[in-house]
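User: I would like to learn how to read helix packing, sheets and chain contacts in a model. Please take one feature at a time.

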Amino acid sequence: MKRKLVAAIGVAGMMVGIAACGSDDGGSGGKSSGDGKSVTVWVMDGSAPDDWMAGVNKEFEAKHPGVKVKVEKQQWNGIQEKLTTALSEDTPPDVVELGNTQTAGYAVTGGLADLTDDKADLGYDGWNKGMVPAAELDGKLYAAPWYAASRAVVYDKKIFKKAGVKPPKTRDEWVAGLEKIKKSDSKIQPLYLPGQSWYVYAGFVWDEGGDLAARDGEQWKGALSSPEAASAMNFYKKLQSFSTAPKDKDEATPQQSTDIVPKGGVASWIGLGWEAGGAIAAIEKAGDKADFGYFPIPGKTADKPGSVFLGGSNLAVAERSQNKDLAKEWLALAAGKDQMAKYAKATAGALLPNNDAAQFEPEAGSFAEAMAKSASVGEVTPVTPGWANVETEQPDQGLHDEGPEGRGRQEGR
Amino acid sequence: MSNVSSDLRAPRRNRRPVRPSAIGKNLLALALAAVFLFPVYWMFSSSLKPQSEILSKDPVFLFTPTLGNYTKATGVDLFWTYVLNSVTVTVGAVFLALVVALAASFAIARMKFRGRKGLVLAVMMAQMAPWEVMVIVMYLIARDGDMLNSIPLLTAIYFVMVLPFTIWTLRGFIAAVPVELEEAALIDGCNRGQAFIKVVFPLLAPGLMSTSLFGFITAWNEFAMVLILNKDKEAQTLTLWLTQFQTAFGSDWGATMAASSLFALPVLVVFLFLQRRAVGGMTAGAVKG
Amino acid sequence: MTVHSQGVAASALEDAPGKAAGKSQTPPPASGSRKVPQPPRGRGRRALPAGLIPYLLLAPAVVSGAVLLLYPLVRNLILSFQEVGRRELITRETVWAGFANYTDLLTDSEFWAVAVRSLLFTAANVVLIMGIGSLIGILLNRLGKKMRLVLSVALVTAWAMPIVASVTVFKWLFDEQFGIANWIMRTLGVSGYEQHNWFETGMATLTIVTVLVVWGSIPFVALNMYAGLTTIGNELYEAARMDGATGWQTFWAVVFPSLKPFFLITTFLEIIWVFKAFTQVYAMNAGGPDRESETLPVFAYIEGQGQFHYGVAAAVSVLTIVMLVAIMSFYFRLILKQEEEQ
């Protein structure tokens with residue numbers, strides 16, 4: 001399940017309709033046909049607003065007459081299997097979106113084109129420094145960062161007001177507030193937090209100064225038995241005591257945003273922008289009105305918000321692409337500053353663009369605003385080629401299932 | 001349990017008007033019918049519920065039905081392409097399997113030849129083929145042979161998936177047709193082919209139906225192969241359509257269940273239509289081994 | 001054996017042109033052949049040497065089996081001696097691993113745990129399926145016409161439900177927060193089911209999977225059992241009754257011997273089907289928690305597609321086949337013996 005989560009991070013699901021693929025002919029990907037060549041782009045469902053994508057392609061096709069861009073939307077479900085095999089084919093998609101934690105895993109397979117020499121064209125120097133490491137491996141560049149996002153706490157303003165609780169600034173305030181809500185109404189769940197919300201837990205570990213895995217020479221080793229991890233676990237458990245959510249499930253089973261929150265009785269929960277959007281949509285569909293407020297996950301002290309996992313996506317070029325040069329040019333355009341500024345605008349700031357200069361000033365009181373506050377303390381999981389395996393949908397191998405409530409066996413590979 | 005089997009003693013009695021002991025039997029049958037129907041009913045009723053009532057702390061039995069989920073499920077892009085592909089692949093595989101198996105099972109059931117025993121063994125072993133874990137090998141073969149996204153290849157794979165069972169079952173049927181019937185036709189001047197077509201074939205109807213049912217279900221439900229082999233949406237089938245309402249952003253359970261109900265419908269219709277013959281058929285085939 | 005096969009033949013012919021069925025035991029009189037339009041005269045055999053015909057008839061089946069099953073199996077075997085990860089898949093390099101995949105597996109206690117679990121899972125399921133299925137088959141035979149129709153329609157409907165859908169529904173039924181199972185327990189006043197987790201351990205998960213598999217497999221057995229029972233003549237029961245046999249004795253003396261081939265084949269098929277069951281196990285809880293509900297096919301899938309150890313997965317599948325063949329050798333012998341008798 002984690003794969004989906006990472007993947008889904010930062011997706012502006014609320015604004016992006018499930019629209020048809022942009023492809024205008026049905027042929028299989030990537031083949032150059034007739035006089036014109038084509039560039040096939042695989043983006044994940046929910047990553048790119050349709051209008052923005054259309055704008056990028058229009059500009060690109062104007063620059064390269066006769067070239068067609070085909071956008072194929074992919075589902076996160078089963079994507080690693082699909083991508084792995086696709087990259088091995090003679091006519092793979094030319095440009096692919098990869099989760100930022102998965103990029104290194106694909107880079108070592110030789111499936112991604114080395115972009116080190118194209119740094120200047122891609123605008124490397126302007127990129128957000130926090131996002132770059134996830135696009136590199138052993139000093140070489142394999143992808144362009146695209147966007148990132150992190151979690152924030154979503155709360156029901158009415159319930160908070162009724163219990164007399166204000167958005168907290170520190171962990172202590174947070175817990176005290178939850179306590180207050182619990183006392184005010186026993187039917188209400190102060191915080192919905194399943195036992196396996198792994199990326200929430202990761203933030204707590206970073207808050208303690210620990211990490212998920214430590215590099216030990218060539219190998220990565222799990223570091224979850226460290227004292228830092230243990231105290232993070234204690235805090236996690238404390239929060240979890242305010243929830244009746246299942247202990248062995250993550251936030252996607254059942255989907256907290258659409259299956260849990262709309263049913264009411266949840267005072268607050270930790271989620272991503274698209275989750276908040278999904279919950280609002282579901283509530284409105286049921287004929288109600290959502291009244292959500294947002295605050296960054298509180299840190300230990302008021303001056304620094306809690307650390308958050310910075311999930312997101314990169315864009316890479318397939319090594320076997322038949323049109324590598326065109327693909328690189330498309331990439332430079334789409335991930336370039338101008339288009340990224342439009343992108344940030346199109347997603348209303350819910351996603352952080354790869355370039356700080358392209359950042360969009362989010363609306364006051366929005367999820368994006370709360371998220372932007374903690375962006376400074378965003379971190380990415382260790383960049384290790386084995387991480388993609390860890391995220392693949394499989395139950396307890398490696399770090400991924402070392403959920404906060406999990407057992408101690410793991411190895412970062 | 002024991003009273004069920006003790007009834008065996010007097011098989012004819014139950015043809016008589018209802019007696020007290022029959023009430024217990026009927027109640028048991030009703031309870032069993034409920035158990036078997038419930039998940040199906042739940043799928044179907046969920047497909048008619050609005051999203052908010054599908055998952056609920058206390059199950060919702062009364063609700064205002066909506067067809068919204070069905071409109072959504074069938075309104076998907078390329079829906080009819082998937083339908084066409086599924087039908088092509090399934091019907092193609094079943095038809096091929098029947099024709100090829102008919103010839104083979106006739107030979108096995110009626111002719112003496114060297115290697116017959118080995119062949120029977122091979123047919124049995126072929127049923128054990130672990131197709132799910134052979135996906136990657138099939139993928140490599142298809143990729144290197146430039147046959148990805150191919151409906152004919154998918155049809156061929158499904159055909160081989162159902163072939164062993166089809167041969168096995170049909171063989172039982174052919175063996176069950178008295179040789180004398182055929183001989184009579186031969187005496188009448190038919191050649192063996194004619195004798196087969198005129199005499200044996202008509203008697204195989206139930207067998208053909210039961211095996212095609214099995215093949216139909218197998219091919220109709222197949223998921224793993226088509227997922228990896230056919231990435232091109234134009235070459236995908238309904239099983240992939242079934243899963244597309246469960247995304248990382250939340251599952252549309254209503255649409256999933258509507259799609260499942262529609263997906264089950266052809267099988268159900270075929271089943272109920274063929275049930276009487278098919279069921280008798282399965283056994284005859286199976287029993288003859 | 002002959003007795004039952006005739007009986008079955010009759011049942012198979014039930015829906016065929018009535019005349020033929022009635023006459024199945026005796027060579028049809030000349031009049032029977034009137035039904036056959038007059039063919040060109042001359043004694044049947046064609047010019048082809050008789051010895052070749054069976055091979056010609058078998059050729060399409062054998063060729064397609066060889067190309068689409070045997071060849072992939074061989075490739076699978078070759079793959080199991082290679083190291084194939086994502087890098088090798090994408091770069092199309094061949095890296096030989098010798099027996100490493102096998103030695104790794106065979107020395108891995110996890111693999112053995114999975115293998116034993118698979119066997120137990122299969123045994124439990126097959127016993128339940130055959131037991132309950134047969135009893136329901138007997139019940140069908142004892143029911144009046146209407147009730148029989150009701151029950152068989154229910155069975156058929158369950159049988160026709162797509163597996164993917166049935167797994168989803170079962171997951172709901174046993175869901176921790178929204179499940180009907182917990183609701184029923186709560187309604188019945190049993191405490192501790194406010195939020196009972198039915199998938200807490202591998203064992204618990206496999207129990208639910210068993211419920212699903214048994215539910216889905218019973219119709220096949222029950223309906224076939226019923227069809228088989230209809231082929232047993234009443235005289236046999238009558239005779240047994242005259243001899244003063246009890247119900248149980250009747251079953252062993254009359255029903256079981258008559259249906260022995262049915263039990264033989266159905267059990268054989270069920271063993272294979274349950275052993276290979278993938279979707280039900282995987283989709284229920286993805287082999288979790290903690291990989292505790294993995295059976296061999298799920299293990300192979302997770303190693304291969306999940307972990308990208310395609311070589312290891314191939315080795316698992318080879319070992320799976322070897323195991324199945326070993327388990328089934330008993331059956332092969334029985335069935336081949338039956339073959340000789342014919």
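Analyst: We begin with a helix pair in chain B of this predicted model. Helices α9(B) and α10(B) are oblique to each other, because their angle falls in none of the parallel, antiparallel or perpendicular ranges. That angle is about 125°, and the axes are 9 Å apart. Helix α9 of chain B covers residues 179–187 and helix α10 of chain B covers residues 192–203.

User: What is the general way to describe such a pair?

Analyst: Two packed helices are described by the angle between their axes and the distance between the axes. A handedness can be added: the crossing of α9(B) and α10(B) is right-handed.

User: Which residues make the contact of α9(B) and α10(B)?

Analyst: From α9(B) come Leu181(B), Glu182(B), Ala185(B) and Leu186(B). Helix α10(B) supplies Arg192(B), Ala195(B), Lys198(B), Val199(B) and Val200(B). By class, the contact of α9(B) with α10(B) contains 6 nonpolar and 3 charged residues, and no polar ones.

User: How are α2(A) and α13(A) oriented to each other?

Analyst: They are roughly antiparallel, because an angle over 145 degrees is counted that way. The axes of α2 (residues 50–63) and α13 (residues 337–346) of chain A cross at roughly 165° and come within 9 Å. The crossing of α2(A) and α13(A) is right-handed. In the contact, Asp51(A), Trp52(A), Gly55(A) and Val56(A) of α2(A) meet Gln339(A), Lys342(A), Tyr343(A) and Ala346(A) of α13(A). The residues of this contact divide into 4 nonpolar, 2 polar and 2 charged.

User: At what angle do α10(C) and α12(C) pack, and how far apart are their axes?

Analyst: Helix α10 (residues 202–229) and helix α12 (residues 247–276) of chain C pack at about 160°, with the axes 11 Å apart. The angle therefore makes α10(C) roughly antiparallel to α12(C). The crossing of α10(C) and α12(C) is right-handed. On the α10(C) side the residues are Val213(C), Ser217(C), Val221(C), Asn224(C) and Gly228(C). They meet Leu259(C), Phe262(C), Thr266(C), Glu270(C) and Val274(C) in α12(C). The contact of α10(C) with α12(C) has 5 nonpolar, 4 polar and 1 charged residues.

User: Now the sheets. What is the strand order in the open sheet of 6 strands in chain A?

Analyst: The order is β2-β1-β3-β13-β6-β14, and the pairing is mixed. Strands β2 (68–74) and β14 (352–353) of chain A are the edges, each pairing on one side only. At the β14 edge, β6 (residues 144–149) of chain A runs antiparallel to β14(A), joined by 2 bridges. Tyr147(A) has Pro353(A) in β14(A) as its bridge partner.

User: Which helix lies across β1, β2, β3, β6 and β13 of chain A?

Analyst: Helix α12 (residues 324–334) of chain A does, running at about 150° to β13(A).

User: How is the open sheet of 3 strands in chain A ordered and paired?

Analyst: Its order is β10-β7-β11, with antiparallel pairing. The edge strands are β10 (268–271) and β11 (292–295) of chain A. On average, neighbouring strands of this sheet are turned by 30° against each other, direction ignored. Strand β7 (residues 152–156) of chain A pairs with β11(A) over 4 bridges, and Val154(A) has Tyr294(A) in β11(A) as bridge partner. Helix α14 (residues 367–374) of chain A packs on the sheet and touches β7 and β11 of chain A. The direction of α14 makes about 145° with that of β7(A).

User: How is chain B divided into domains?

Analyst: Domain 1 spans 2–70 and domain 2 spans 77–288. Their contact takes 10 residues from domain 1 of chain B and 8 residues from domain 2 of chain B. On the domain 1 side, α2(B) gives the most, with 4 residues. That side has 5 nonpolar, 4 polar and 1 charged residues.

User: How many residues of chain A and chain C are in contact?

Analyst: The contact involves 19 residues of chain A and 22 residues of chain C. Helix α3 (residues 79–87) of chain A gives the most to the chain A side, with 3 residues. By class, that side has 5 nonpolar, 10 polar and 4 charged residues.

Note on methods
Residues numbered from 1 in each chain as written. Chains lettered and ligands numbered in written order. Predicted model: local features only at pLDDT ≥ 70, side-chain atom pairs only at ≥ 80, totals over all residues. Contact = placed C-beta atoms within 7 Å. Nonpolar A, V, L, I, M, F, W, Y, C, P; charged D, E, K, R; others polar. Domains from an automatic or database assignment. Pairing = 2+ DSSP bridges. Axes fitted to C-alpha atoms, helices over the stretch in contact; angles between N-to-C directions. Parallel < 35°, antiparallel > 145°, perpendicular 65-115°, else oblique. Left-handed = near helix turned anticlockwise from the far one by under 90°.
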